[in-house]
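Q: I would like to learn how to read features from a set of coordinates. Could we take them one at a time, with the general idea before the case?

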Amino acid sequence: MQSPMNTAKKAVTYELMHMEQVVAAVSTLGQARIFNQQFLPYDIYLAESNDFDDLVNNLTNFYHWCASRVLSLDRTYAKQIMNSIGVPQAVTDRDRAQISLSYHCVSLNDVYWVR
């Protein structure tokens with residue numbers, strides 16, 4: 001029998017891109033690395049720190065930023081579009097972030113995306 005520690009998932013690192021330039025990297029453990037502060041989107045805050053609170057905040061802020069890039073359900077036909085492509089109508093930031101990450105957080109509003 002395997003212990004729960006052996007079945008833990010490996011950390012995934014996402015790169016926040018501005019067109020083809022890497023702006024920052026965020027891991028699922030909350031570790032952040034900022035490569036170009038001036039191109040970081042205004043609506044995301046990341047801290048390069050190993051403090052537990054900063055790690056949690058990094059992950060929360062990243063998921064919130066990703067979630068904000070999902071089609072808003074109050075838009076005309078949004079629910080029909082989400083249902084037609086088989087995407088659940090998630091309510092938490094983390095669920096909405098996972099939907100957004102599935103299509104690299106691409107938006108028609110700006111040039112940011114996630115690799």
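Q: What pattern does the chain follow, read along the sequence?
A: This is a predicted model. Read from its start, the chain runs β-β-β-α-α-α-β. The secondary structure amounts to three helices and four strands.

Q: What box do the C-alpha atoms of the chain fill, taken along the principal axes?
A: The box is roughly 50 × 45 × 25 Å. The chain has 115 residues, of which 37% count as buried. For contacts with a separation of 6 or more, 46% come from residues 24 or more positions apart.

Q: How is a pair of aromatic rings described?
A: Two quantities are used, the distance of the ring centres and the angle of the planes. In this structure the count comes to two aromatic pairs. One of them joins Tyr14 and Phe62, with ring centres 5.6 Å apart and planes at 25°. Planes under 30 degrees apart count as stacked, so the pair of Tyr14 and Phe62 is stacked.

Q: Which parts of the chain does the pair of Tyr14 and Phe62 link?
A: Tyr14 is in strand β1, residues 13-18, and Phe62 is in helix α1, residues 52-67. The two residues are 48 residues apart, and the pair links distant parts of the chain.

Q: Is Phe62 buried or exposed?
A: Phe62 is buried, because its relative accessible area is 1% and the cut-off for buried is under 20%. Tyr14 is also buried, at 18%.

Q: What are the values for the rings of Phe62 and Tyr63, and how is that pair classed?
A: The centres are 6.2 Å apart and the planes are at 45°, so the pair is tilted. The angle falls in the class between the limits of 30 and 60 degrees. Tyr63 counts as buried, with 8% relative accessibility. Tyr14, Phe62 and Tyr63 together form one aromatic cluster.

Q: How should I read the packing of α1 and α3?
A: Take the angle and the distance of the two axes. Helix α3 covers residues 93-102, and α1 packs with α3 at an angle of about 60°, the axes being 7 Å apart. That angle makes α1 oblique to α3. The crossing in which α1 passes α3 is left-handed.

Q: Which residues make the contact between α1 and α3?
A: From α1 they are Phe62, Tyr63, His64, Cys66 and Ala67. From α3 they are Asp93, Arg94, Arg96, Ala97, Gln98, Ser100 and Leu101. Phe62 and Tyr63 thus appear in this contact as well as in the aromatic cluster.

Q: What are the buried residues of α3, and what covers them?
A: In an α-helix there are 3.6 residues a turn, so residues three or four places apart point the same way. The buried residues of α3 are Arg96, Ala97, Ile99, Ser100 and Leu101. What covers the buried residues of α3 includes β1, α1 and β4, the last being residues 112-114. After α3 comes His104, which has a positive phi, near 60°.

Q: What is Ser100 in contact with, leaving aside its neighbours within four places in sequence?
A: The partners of Ser100 are Cys66, Arg69, Val70 and Cys105. Ser100 lies in helix α3 and is buried, with a relative accessible area of 0%.

Q: How many disulfides does the structure hold?
A: A disulfide is a covalent bond between the sulfur atoms of two cysteines. The structure holds zero. Cys66 is in no disulfide, and its nearest cysteine sulfur is that of Cys105, 3.4 Å away. Cys105 is likewise in no disulfide, with the sulfur of Cys66 as its nearest. The cut-off for a disulfide is within 2.5 Å, so a sulfur pair at 3.4 Å is not counted.

Q: Are Cys66 and Cys105 buried or exposed?
A: Cys66 counts as buried, at 0% relative accessibility. Cys105 also counts as buried, at 0%.

Q: Where is the place of Asn36, and what is Asn36 in contact with?
A: Asn36 is in the loop between β3, residues 32-34, and α1. Setting aside neighbours within four places in sequence, Asn36 is in contact with Gln21 and Val23. Asn36 is buried, with a relative accessible area of 16%.

Notes:
Residues numbered from 1 in each chain as written. Predicted model: local features only at pLDDT ≥ 70, side-chain atom pairs only at ≥ 80, totals over all residues. Heavy atoms only, no water. Phe/Tyr/Trp six-rings, centres within 6.5 Å; stacked < 30°, edge-to-face > 60°. Buried < 20%, exposed > 50% of the residue type's maximum accessible area, 1.4 Å probe, protein only. Contact = heavy atoms within 4.5 Å. Axes fitted to C-alpha atoms, helices over the stretch in contact; angles between N-to-C directions. Parallel < 35°, antiparallel > 145°, perpendicular 65-115°, else oblique. Left-handed = near helix turned anticlockwise from the far one by under 90°.
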